[in-house]
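Hi,

Here is the structure I said I would pass on. Have a look at it first, and then read my notes below.

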Amino acid sequence: RDGNYGRVYVELEVKQPEDFYIGPCKYSVLRIEHSESTSAAPPQYAFTELYSPDLKLVLGREYKRGGKVELVKFDRIYPIKN
């Protein structure tokens with residue numbers, strides 16, 4: 001990162017399944033909290049991914065900054081065309 005080399009320590013915490021809506025469609029997702037550290041300090045929260053095991057796809061990401069929660073999600077999901 002930024003031209004510096006070293007180790008990054010990553011901690012993933014998987015939460016219980018929950019329902020997640022994209023438009024009228026409902027998906028079962030796992031909330032995966034991602035924390036990381038580049039030093040001996042304990043990992044700090046970075047973001048949360050909303051992962052659908054059925055689709056094998058991350059449907060959204062949550063960022064917590066300054067007491068606010070920002071959710072970034074797909075507007076639509078299309079099938080892959082061969």
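Before the rings, a word on what I count as a pair: two rings of Phe, Tyr or Trp (its six-membered ring) pair if their centres lie within 6.5 Å, with planes under 30 degrees apart called stacked, over 60 edge-to-face and the rest tilted. Also keep in mind that this is a predicted model.

With that rule, a search of the whole structure turns up 1 aromatic pair. Phe47 and Tyr63 have ring centres 6.2 Å apart and planes at 55 degrees, so the pair is tilted. Phe47 sits in strand 3 (residues 44–52) and Tyr63 in strand 4 (residues 57–65), so the pair ties together parts that are 16 residues apart in sequence. Both Phe47 and Tyr63 are buried.

Next, the inside. In soluble globular proteins, nonpolar side chains tend to be buried together. Here the largest nonpolar core has 6 residues: Phe20, Ile22, Tyr27, Val29, Leu50 and Leu59. Strand 1 (9–22) and strand 2 (25–37) each give at least two residues to this core. If you want a place to start looking, try Val29. Leaving aside residues up to four places away in sequence, Val29 touches Gln16, Pro17, Glu18, Phe20, Leu50, Tyr51, Ser52, Pro53 and Leu59.

Two other residues of strand 2 are worth a click: Leu30 and Ile32. Is Ile32 buried or exposed? With 15% relative accessibility, Ile32 counts as buried, because the cut-off for that is under 20%. Leu30, at 21%, counts as partly exposed. With sequence neighbours up to four places away left out, the contacts of Ile32 are Leu12, Glu13, Val14, Phe47, Thr48, Glu49 and Tyr51. On the same basis, Leu30 touches Val14, Lys15, Gln16, Pro17, Glu49, Leu50, Tyr51 and Pro53. For a sense of distance, the C-alpha atoms of Leu30 and Pro79 are 21 Å apart, with their positions 49 residues apart along the chain. Ile32 and Asp2 are 30 residues apart in sequence and 26 Å apart from C-alpha to C-alpha.

Now the charges. Side chains of opposite charge can pair when their charged atoms come close. How many salt bridges are there? The count comes to 5. One of them joins Glu62 and Arg31, with the closest N and O atoms 2.8 Å apart. That pair links distant parts of the chain, Glu62 being in strand 4 and Arg31 in strand 2, 31 residues apart. Glu62 and Arg31 are both buried.

Glu49 and Arg61 also meet in a salt bridge, at 2.9 Å from N to O. It links Glu49 in strand 3 with Arg61 in strand 4, 12 residues apart. Arg61 is partly exposed, with a relative accessible area of 29%. Salt bridges that share partners also join Glu18, Arg31 and Glu62 into one network. Then there is Asp19 with Lys26, where the closest N and O atoms are 3.8 Å apart. Asp19 is partly exposed, at 45% relative accessibility.

Lastly, the outside. Val8, Val10 and Leu12 make a nonpolar surface patch of about 280 Å². Leu12 belongs to strand 1 and, at 55% relative accessibility, counts as exposed. Lys56, in the loop between strand 3 and strand 4, is exposed too, at 63%. Lys56 has a positive phi of about 55 degrees, although it is not a glycine.

Cheers

Definitions and conventions:
Residues numbered from 1 in each chain as written. Predicted model: local features only at pLDDT ≥ 70, side-chain atom pairs only at ≥ 80, totals over all residues. Heavy atoms only, no water. Core = buried A, V, L, I, M, F, W, Y, C linked by side-chain atoms within 4.5 Å. Buried < 20%, exposed > 50% of the residue type's maximum accessible area, 1.4 Å probe, protein only. Helix = DSSP H or I, 4+ residues; strand = E, 2+ residues; numbered from the N terminus. Contact = heavy atoms within 4.5 Å. Patch = residues over 30% accessible without salt bridge, like charges linked within 9 Å, V, L, I, M, F, W, Y side chains within 5 Å. Areas by Shrake-Rupley, 256 points an atom, 1.4 Å probe, with all protein chains shown as cover. Salt bridge = Lys/Arg side-chain N within 4 Å of Asp/Glu carboxyl O.
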